[in-house]
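Here is my note on the structure you sent. Please read it with the model open.

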Amino acid sequence: MQKLLIIGFLACGLFACDHSKKDSENSPPGSGDSQFTALRNTIESDLGNNTAVAVSIAIYKDGEVVFAEAFGEKVKGSGETVTPETLFQLGSTTKMFTALATLQLTQEGLLNTDDKLVNTLPNIQYPGVQAITWQDISIDDLLTHQSGLPDTYIGADSNSSLVEYMSSGYPQQNMQNNPPGIFHNYSNPSWSYLGAVVEHITQTPYIEHMQRDIFEPMGMKRTWMDRSKVVADGNYALGFQANGSEGIFLSDINQIPLDFVSTPAGSETWSTPTQQLKMAEFLLNGNADILSSELQSEMTTAKVSTEFAGLPLHYGYGIYVDDGFLHNEQWYPEKVWQHGGNTLAYSSAFWVLPEKNIAVSILSSGRGDDFNATMIAALEAVTELPQAQSEPIIPSDSSEYHKHVGTYTSAVATVIITEVNNQLHISVPEMDAANFPYNDTLIPIGDKTFIFEADEAVLITFMPAIEGEESVYFVTRDAVGIKDGY
């Protein structure tokens, strides 16, 4: 379970690198203290165990940045070390900034979270057969990943404009998985719609609006969504980029694809950990010049359960709002606001411990990096974590398995669930026809949550339409099956 949570929380390097040296005037208090020795050792170990070429980390505590260091090279084999000022991509950590921009429009009376998407962004060419469910999507559904929209961008390319594609290309080529407002299921296009709404209402290109109304007022003067500004700045990291089943070590920024339509979800935001901690400071202390305290607190208010094994994990507006976290298969009951991020070539981890006034940002130049040990070491360097407990999962109840039995149909496959000897079995005719191997016994993790083992472990959740009744939805991030008869 720990491995699966790491994958969910933080969206194999060949060597460990020395951390960079910094001018003393730029060194935050305590950056040279022995209290960070264990942290540095963990960072170098994690860097060696990941595909990343570089990693940068900053820690905020009680109103100031107390640690900011970078490790590794800007480009593999170049010998040029990264610094705390080196830019990395954020990936989905961007979502909290898009949420903030959306709530600013609410504050200005230009938008309400219960407004319907089709009334806010006119002329969406949704499929006629899904007219009712498309018309039910609200701004709140988009902000909480409850839109029912698939996590795909079929038909998009580097020439696609945000509003045009989200109004016509996306709805015509990416069919809605399920009606909105039923359950949380991660969907990047939901955030592209929020970006399109921001662009339509303000009549300003999304990336320009974000620069003017979000990044600059927050003091994030080196955070950009415009690639040309990153190139002009010159201080950016290039690392390992996923490329099919293999991958490449980047040597030129132009090797990274441009993807305008997914920018509001996080495909093209560049920043540093120290810059990211400006958002942590805002979430902890607020800033009335940017957003009212009432709306700011809405971002970190639990809106919907993420439905993982019964653990107390939730999503607010653009950020996860959890009552604890897992590490080494143990549970730490410490409130945490967090969001990870992945692009094709970068990873991000952003945690805030609100009750301790601490925040950590980690950015690395590799796809799907795991710096979870570094995150824990960073926290342990500046605070004492609560005593670890056993995982508070709601156990899988085999007496409830009959509720999941049935045939579920999605846009990509048919899934047949049966029960034999208190175990759930799965059959996927499309995979059988292709002689694609998989384990036909589902592995229970906790309440309604199972692992389906194929070429990789896939988390699935069975969801009812009415709590306590039989399951209607077979939910994975990539697809949602609806039980025949519904």
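The points below cover a sheet, a helix packed on it, a helix pair and two loop residues.

1. Status. This is a predicted model. Please keep that in mind for every angle and contact that follows.

2. The sheet. Eight strands form an open sheet with antiparallel pairing. Their order is 2-1-14-13-12-9-8-7. Strand 2 (64-72) and strand 7 (304-305) stand at the edges. Each has a single partner strand, so one side of each is left without a neighbour in the sheet.

3. A pair inside the sheet. Strand 12 (residues 336-342) pairs with strand 13 (residues 347-353) over six bridges, in the antiparallel sense. For a register check, use Gly 340: the residue opposite is Ala 349 in strand 13.

4. Helix on sheet. Helix 11 lies across five elements of the sheet's list: strand 1 (54-61), strand 2, strand 12, strand 13 and strand 14 (358-364). The angle between helix 11 and strand 1 is about 30°.

5. Helix on helix. Two packed helices are described by the angle between their axes and the distance between the axes. For helix 3 (residues 95-107) and helix 11 (residues 273-285), the axes come within 11 Å and cross at roughly 50°. That angle makes helix 3 oblique to helix 11. The crossing is left-handed. Helix 3 contributes Met 96, Phe 97 and Leu 100 to the contact. Helix 11 contributes Gln 276, Met 279 and Phe 282. By class, the contact has five nonpolar residues, one polar and no charged.

6. The hairpin. Strand 18 (residues 443-446) and strand 19 (residues 449-453) run antiparallel and are joined by three bridges. Pro 444 stands opposite Phe 450 in strand 19. The two strands form a hairpin with two residues between them. Lys 448 sits in that turn.

7. Positive phi at Lys 448. Is Lys 448 buried or exposed? Its phi is positive, about 65°, although Lys 448 is not a glycine. The relative accessibility of Lys 448 is 14%. The cut-off for buried is under 20%, so Lys 448 counts as buried.

8. Positive phi at Asp 62. Where does Asp 62 lie? Asp 62 is in the loop between strand 1 and strand 2. Its phi is near 50°, a positive value in a residue other than glycine. The relative accessible area of Asp 62 is 52%. Exposed means over 50%, so Asp 62 is exposed.

Conventions
Residues are numbered from 1 along each chain as its sequence is written. This is a predicted model: local features need pLDDT of at least 70, side-chain atom pairs count only at pLDDT 80 or more; totals for chains, interfaces and linings use all residues. Side-chain values use heavy atoms; hydrogens and water are left out. Two strands pair if DSSP finds at least two bridges between them. Helices (H or I, at least four residues) and strands (E, at least two) are DSSP runs, numbered from the N terminus. Axes are lines fitted to C-alpha atoms, for helices over the stretch in contact, and angles run from 0 to 180 degrees between N-to-C directions. Angles under 35 degrees count as roughly parallel, over 145 as roughly antiparallel, 65 to 115 as roughly perpendicular and the rest as oblique. A crossing is left-handed if the near helix is turned anticlockwise from the far one by less than a right angle, and right-handed if clockwise. Contact means heavy atoms within 4.5 Å. Ala, Val, Leu, Ile, Met, Phe, Trp, Tyr, Cys and Pro count as nonpolar, Asp, Glu, Lys and Arg as charged, and the others, Gly among them, as polar. Buried means under 20% relative accessible area, exposed over 50%, partly exposed in between (1.4 Å probe, protein chains only).
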